[in-house]
Amino acid sequence: RYPDPLIKPNDTAKFDSATRKPGEFIKFEPGNLAYITGGQNCGRIGIITHKEKHPGSFDIVHIKDSVGHSFATRMSNVFPIGKGKQAWISLPRGKGVRLSIAEERDRRLAAKAKEM
């Protein structure tokens with residue numbers, strides 16, 4: 001069996017176990033939703049904005065999360081999880097957004113004040 005010629009490396013494919021064939025797939029391209037699987041930004045979710053190719057080194061992907069924070073990571077740490085802004089998986093409570101230390105503190109204090 002040969003793989004689908006439209007599916008390239010770093011793309012995500014849905015596999016149908018009943019028919020034993022790949023179904024839909026998500027291209028690794030700007031505009032798609034991605035999950036970061038490693039590095040300093042592990043666990044973050046955002047939209048791929050663009051890719052940089054660095055021959056002889058690591059390729060870099062730039063991502064923007066739902067709050068508007070932009071960050072960059074290696075291409076090997078990025079896993080596409082949705083087309084456009086629509087995710088194929090359920091997202092965690094914070095939608096993959098990393099808060100700053102001050103924002104985390106403010107949320108904890110607000111939750112604590114709400115309990116009292």
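What follows is a chat between a colleague and a modeller about a predicted model of one chain.

Colleague: Before we start, what kind of model is this, and how are residues numbered?

Modeller: This is a predicted model, where local features need pLDDT of at least 70, side-chain atom pairs count only at pLDDT 80 or more, and totals for chains, interfaces and linings use all residues. Residues are numbered from 1 along each chain as its sequence is written, and side-chain values use heavy atoms, with hydrogens and water left out.

Colleague: How many helices and strands does the chain have?

Modeller: The chain has 1 helix and 8 strands. Helices (H or I, at least four residues) and strands (E, at least two) are DSSP runs, numbered from the N terminus.

Colleague: What pattern do they follow along the sequence?

Modeller: Reading along the sequence gives β-β-β-β-β-β-β-β-α.

Colleague: And is the chain compact or spread out?

Modeller: The chain is more spread out than a compact globule, because its radius of gyration is 17 Å, well over the 13 Å that the globule rule gives for 116 residues. The radius is taken over C-alpha atoms, and the globule rule is 2.2 Å times the number of residues to the power 0.38.

Colleague: What does the C-alpha trace span?

Modeller: Along its principal axes, the trace spans about 65 × 40 × 20 Å.

Colleague: How much of the chain is buried?

Modeller: Buried residues are 25% of the 116 residues. Buried means under 20% relative accessible area, exposed means over 50%, and partly exposed is in between (1.4 Å probe, protein chains only).

Colleague: What area does the chain expose?

Modeller: About 8500 Å², with carbon and sulfur atoms supplying 55% of it. Accessible areas come from the Shrake-Rupley method with a 1.4 Å probe; for residues, only the protein chains shown count as cover.

Colleague: On to the sheet. What is the strand order?

Modeller: The order is E6-E5-E4-E3-E7-E8, in an open sheet of 6 strands with antiparallel pairing. Two strands pair if DSSP finds at least two bridges between them.

Colleague: Which strands are at the edges?

Modeller: E6 and strand E8 (86-87) are the edge strands, and each pairs on one side only.

Colleague: How many bridges hold E4 and E5?

Modeller: E4 and E5 pair over 5 bridges, in the antiparallel sense. Lys51 stands opposite Val61 in E5.

Colleague: Where do side chains point in a regular strand?

Modeller: They alternate between the two faces of the sheet.

Colleague: What about E1 and E2? How do they run?

Modeller: E1 and E2 run antiparallel, joined by 4 bridges. Ala13 stands opposite Phe25 in E2. E1 and E2 form a hairpin with 4 residues between them, and Arg20 in the turn has a positive phi of about 60°.

Colleague: Which residue before E1 has a positive phi?

Modeller: Asn10 has a positive phi of about 75°, although it is not a glycine. Asn10 sits in the segment before E1. At 38% relative accessibility, Asn10 is partly exposed.

Colleague: Changing topic. How many salt bridges are there?

Modeller: The count is 4 salt bridges. A salt bridge is a side-chain nitrogen of Lys or Arg within 4 Å of a carboxyl oxygen of Asp or Glu.

Colleague: What does Lys14 pair with?

Modeller: Lys14 forms a salt bridge with Glu24, and the closest N and O atoms are 4.0 Å apart. Lys14 is in strand E1 (residues 12-16) and Glu24 in strand E2 (residues 21-26), 10 residues apart. Lys14 is partly exposed at 40% relative accessible area, and Glu24 is partly exposed at 46%.

Colleague: And Arg44, which residue is its partner?

Modeller: Arg44 forms a salt bridge with Asp65, with the closest N and O atoms 3.2 Å apart. Arg44 is in the loop between strand E3 (33-36) and strand E4 (45-52), while Asp65 is in the loop between strand E5 (60-64) and strand E6 (70-74), 21 residues apart.

Colleague: Is that pair buried or exposed?

Modeller: Arg44 is buried at 9% relative accessibility, and Asp65 is buried at 4%.

Colleague: Where does Asn77 lie?

Modeller: Asn77 lies in the loop between E6 and strand E7 (78-83). At 15% relative accessibility, Asn77 is buried.

Colleague: What does Asn77 touch?

Modeller: Not counting residues up to four places away in sequence, Asn77 touches Tyr35, Ile36, Thr37, Gly38 and Gly39. Contact means heavy atoms within 4.5 Å.
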